[in-house]
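Student: I would like to learn how to read a model of this kind, feature by feature. Could you take me through the general idea each time and then turn to the case at hand?

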Amino acid sequence: MWGVGCILYEMAAQQALFPGSTTDQQLDLIFRRLGTPTAATHPSLFRLSHLAPRLDPSGIDLLYSLLQYEGQMRISARDSMNHRFLRSSLPRAVYELNDQDSVLNVPGVILVNESRPKHSEDRYRKFRIKDG
């Protein structure tokens, strides 16, 4: 229906509503003419839970905290390591690692390769830490 609206405009105004030649130009024109989407006006654009089904609500909270546009609003590395999602998901030994050590050297942490079809309904639903 979006396309129908664009065609209706072009028929009435005899010019393209969003005549950008690249994705960035298109988005810029859309946002300038219709306003930048906000969580209040377009809530589905701002829900990351359906894009990251492996994350529980505290994981989604951390994700939002990390993905703030404004750097001063973004969570710091120190605060993110103390976020409830990581504190509840990672073994205590992770917090005692030296800078050059790998998290994969911590007993109980394993890398799980979950190769599944791209459009699988239950894809990537588990963030796994094996108790050691």
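Tutor: Let us begin with burial: a residue counts as buried when its relative accessible area is under 20%, as exposed when that area is over 50%, and as partly exposed in between. Please keep in mind throughout that this is a predicted model.

Student: With those cut-offs, is His83 buried or exposed?

Tutor: His83 has a relative accessible area of 8%, and because buried means under 20%, His83 is buried. His83 sits in the loop between helix H4 (77–81) and helix H5 (84–89), and once its neighbours within four places in sequence are left aside, His83 is in contact with Ser58, Asp61, Leu62 and Ile75.

Student: Which residues could serve as examples of the exposed class?

Tutor: Glu96, in the segment after H5, has a relative accessible area of 56%, and since the cut-off for exposed is over 50%, Glu96 is exposed. Gln14, in the loop between helix H1 (2–13) and H2, likewise counts as exposed, at 72% relative accessibility.

Student: And what does the class in between look like?

Tutor: Leu55 and Arg87 both belong there: Leu55, in the loop between H2 and helix H3 (57–66), is partly exposed with a relative accessible area of 24%, while Arg87, which lies in helix H5, is partly exposed at 41%. For the chain as a whole, 20% of the 132 residues count as buried.

Student: What secondary structure does the chain have, and in what order do the elements run?

Tutor: The protein chain comes to five helices and zero strands, so that, in the order read from the N terminus, the elements run α-α-α-α-α.

Student: How can I check the length of a helix against its number of residues?

Tutor: The expected span is 1.5 Å times one less than the number of residues. For helix H2 (residues 23–34), the 12 residues should therefore span 16 Å, and the end C-alpha atoms are 16 Å apart, which agrees. For H1, also with 12 residues, the expected span is 16 Å and the end C-alpha atoms are 17 Å apart, which agrees as well.

Student: What does the backbone do just after each of these two helices?

Tutor: H1 is followed by Gln14, whose phi is positive, near 60°, and this is a positive value in a residue other than glycine. Just after H2, Gly35 takes a positive phi of about 95°.

Student: How should I think about the side of a helix that faces the rest of the protein?

Tutor: An α-helix has 3.6 residues a turn, so residues three or four places apart point the same way. In H3, the buried residues are Ser58, Gly59, Ile60, Leu62 and Ser65, and the buried residues of H3 pack against H4 and H5.

Student: Which residues make up the largest nonpolar core?

Tutor: The largest nonpolar core has seven residues in all, namely Leu62, Phe85, Leu86, Leu90, Val94, Val106 and Val109. A second, separate core of five residues includes Leu17, Phe18, Leu29 and Ile30.

Student: How do sequence separation and distance in space relate for particular residues?

Tutor: Leu55 and Phe85 are 30 residues apart along the chain, and their C-alpha atoms are separated by 9.0 Å; leaving aside its neighbours within four places in sequence, Leu55 is in contact with Ile60, Leu63 and Phe85. Glu96 and Val106, which are 10 residues apart in sequence, have a C-alpha to C-alpha distance of 9.7 Å. Arg87, with its neighbours within four places in sequence again left aside, is in contact with Met81, Asn82 and Tyr95. Across the protein chain, among contacts between residues at least 6 apart in sequence, 24% join residues at least 24 apart.

Student: Finally, how much space lies in the largest pocket, and which residues line the pocket?

Tutor: About 360 Å³ of space lies in the largest pocket, and its lining is made of Phe31, Thr36, Pro37, Leu45, Phe46, Leu48, Tyr64, Leu67, Gln68 and Tyr69. By kind, the residues of that lining divide into eight nonpolar, two polar and no charged.

How values were computed: Residues are numbered from 1 along each chain as its sequence is written. This is a predicted model: local features need pLDDT of at least 70, side-chain atom pairs count only at pLDDT 80 or more; totals for chains, interfaces and linings use all residues. Side-chain values use heavy atoms; hydrogens and water are left out. On a 1 Å grid over the protein atoms alone, a cavity is a set of points where a 1.4 Å probe fits but cannot get out, and a pocket is an open set with protein on both sides within 12 Å along at least five of seven lines; lining residues have an atom within 4 Å of a point. Grid points are joined across faces, edges and corners, and a volume is the space filled by probe spheres set on the points. Ala, Val, Leu, Ile, Met, Phe, Trp, Tyr, Cys and Pro count as nonpolar, Asp, Glu, Lys and Arg as charged, and the others, Gly among them, as polar. Helices (H or I, at least four residues) and strands (E, at least two) are DSSP runs, numbered from the N terminus. Buried means under 20% relative accessible area, exposed over 50%, partly exposed in between (1.4 Å probe, protein chains only). Contact means heavy atoms within 4.5 Å. A nonpolar core is a set of buried Ala, Val, Leu, Ile, Met, Phe, Trp, Tyr and Cys residues joined through side-chain atoms within 4.5 Å.
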